[in-house]
Amino acid sequence: MRKLLFVDCCIRNEDVSRTKKLCRAYLDEYLANHPGTQIEHLYLPDEPLKWIDEKTADRRAELNRKRDYTDEMFRWARQYCEADRIVIGAPYWDLSIPSLLKVYIENICVEGLTFVCTDTGFEGKAHFDRMIFLTTSGGYIAPGADGGTDYLRNIAAFTGNGCFEVFKAEGLDIQGNDPHAILEEAICRVRRAAAESS
Ligand SMILES: Cc1cc2nc3c(=O)[nH]c(=O)nc-3n(C[C@H](O)[C@H](O)[C@H](O)COP(=O)(O)O)c2cc1C
């Protein structure tokens with residue numbers, strides 16, 4: 001059975017989060033067209049994630065030297081590695097992503113699990129065929145100011161060989177805009193992508 005990992009960093013409540021609505025649209029449509037898929041919902045606000053401090057970094061390096069990845073600290077990296085598809089949902093915050101998502105990324109980037117060092121550089125080891133990033137923003141994201149998308153695109157390339165796709169609904173908090181219409185248009189695009197995707 002194919003595993004789709006939904007990395008849910010939609011911080012606001014399910015009823016109000018526009019990013020969550022975009023994610024729901026992708027997941028519902030994907031499941032309708034790929035009924036054999038198992039969705040693993042990882043809701044980051046509920047996870048005991050911790051930024052990598054000195055003690056954790058040292059412990060991680062020690063386990064790494066022994067190639068022992070059984071520790072609980074590697075659970076997110078193991079799960080990431082095994083996913084056939086990864087869907088990440090996060091709002092555009094302060095020209096980037098919420099810090100919680102960055103903390104998650106720190107925890108999944110584990111040498112020997114999600115990537116390895118070779119003579120010629122780094123090689124991604126995660127299995128995903130596609131990473132889909134779904135986001136919404138209050139304003140319009142200026143060229144060069146999309147820190148979150150650029151970062152996640154690089155993380156996708158660093159940890160695997162799958163392709164990276166992003167879908168955005170922008171300008172949702174701009175006075176005079178119709179946020180409902182903007183979101184509906186983005187939902188249509190996302191549904192189409194999920195239905196047409198292999
Ligand atoms: C802490 C915070 C930071 C934000 N930073 C930005 C920003 O830099 N640029 C922008 O256009 N909108 C920004 N916004 C607005 C959100 O991107 C926008 O409301 C988004 O749709 C929220 O997604 P949600 O409905 O899923 O919570 C910010 C909102 C919050 C709460």
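Take Lys50 to begin with: in this predicted model, Lys50 lies over the face of Trp51, at 5.9 Å from the ring centre. That counts as a charge over a ring because the cut-off for the NZ of a Lys is within 6 Å of the ring centre. A similar arrangement turns up at Arg75, which sits over the face of Trp76, with 4.4 Å to the ring centre.

Now for rings that meet other rings. Searching the whole structure gives six aromatic pairs. One of them is Tyr26 with Tyr30: the ring centres are 5.9 Å apart and the planes make an angle of 10°, so this pair is stacked. Stacked is the right word because the planes have to be under 30 degrees apart for that label. Where do Tyr26 and Tyr30 lie? Both are in helix H1, which covers residues 18-33, and they are four residues apart, about one turn of the helix. Both of these tyrosines are also buried.

Tyr69 and Phe74 make a pair with another geometry. Their ring centres are 5.4 Å apart, but the planes stand at 80°, so the pair is edge-to-face. The cut-off in play here is over 60 degrees. Tyr69 is buried, and Phe74 is buried too. Elsewhere, ring pairs join Phe115, Phe122 and Phe158 into a cluster.

On to the ligand. There are 16 residues around it, and those that come nearest are Ser17, Thr19, Tyr92, Gly139 and Asp173. Sorted by class, this shell is made of six nonpolar, six polar and four charged residues. Which side chains have polar atoms by the oxygens of the ligand? Ser17 is one of them, with an N or O atom of its side chain 2.6 Å from a ligand oxygen. Asp173 also has a side-chain N or O atom 2.6 Å from an oxygen atom of the ligand. For Thr136, the distance between a polar side-chain atom and a ligand oxygen is 2.7 Å. On its own, the ligand has 640 Å² of accessible area, and the protein covers 74% of that.

Gly139, which is among the residues nearest the ligand, also has a partner within the protein. Its backbone oxygen lies 2.8 Å from a polar atom in the side chain of Ser137. Ser137 itself is in the loop that runs between strand E6 (130-136) and helix H5. Is Ser137 buried or exposed? With a relative accessibility of 2%, Ser137 counts as buried, because the label applies under 20%.

Follow the chain from that loop into H5, which spans residues 147-159. Asp150 is found in this helix and is partly exposed, with 36% relative accessible area. Asp150 and Ser96 are 54 residues apart along the chain, yet 9.0 Å separates their C-alpha atoms. Thr159 is in H5 as well. Its relative accessibility is 0%, so Thr159 counts as buried. What does the side chain of Thr159 reach? The backbone oxygen of Ile155, at 2.8 Å.

Definitions and conventions:
Residues are numbered from 1 along each chain as its sequence is written. This is a predicted model: local features need pLDDT of at least 70, side-chain atom pairs count only at pLDDT 80 or more; totals for chains, interfaces and linings use all residues. Side-chain values use heavy atoms; hydrogens and water are left out. Rings of Phe, Tyr and Trp (its six-membered ring) pair if their centres lie within 6.5 Å; planes under 30 degrees apart count as stacked, over 60 as edge-to-face and the rest as tilted. Helices (H or I, at least four residues) and strands (E, at least two) are DSSP runs, numbered from the N terminus. Buried means under 20% relative accessible area, exposed over 50%, partly exposed in between (1.4 Å probe, protein chains only). A charge sits over a ring if NZ of Lys or CZ of Arg is within 6 Å of the ring centre and within 35 degrees of the ring normal. A residue is near a molecule or strand if one of its heavy atoms lies within 4 Å of it. A polar contact is a pair of N or O atoms within 3.5 Å; within protein, one must be able to donate a hydrogen and the other to accept it, and residues adjacent in sequence count only if both atoms are side-chain atoms. Accessible areas come from the Shrake-Rupley method with a 1.4 Å probe; for residues, only the protein chains shown count as cover. Ala, Val, Leu, Ile, Met, Phe, Trp, Tyr, Cys and Pro count as nonpolar, Asp, Glu, Lys and Arg as charged, and the others, Gly among them, as polar.
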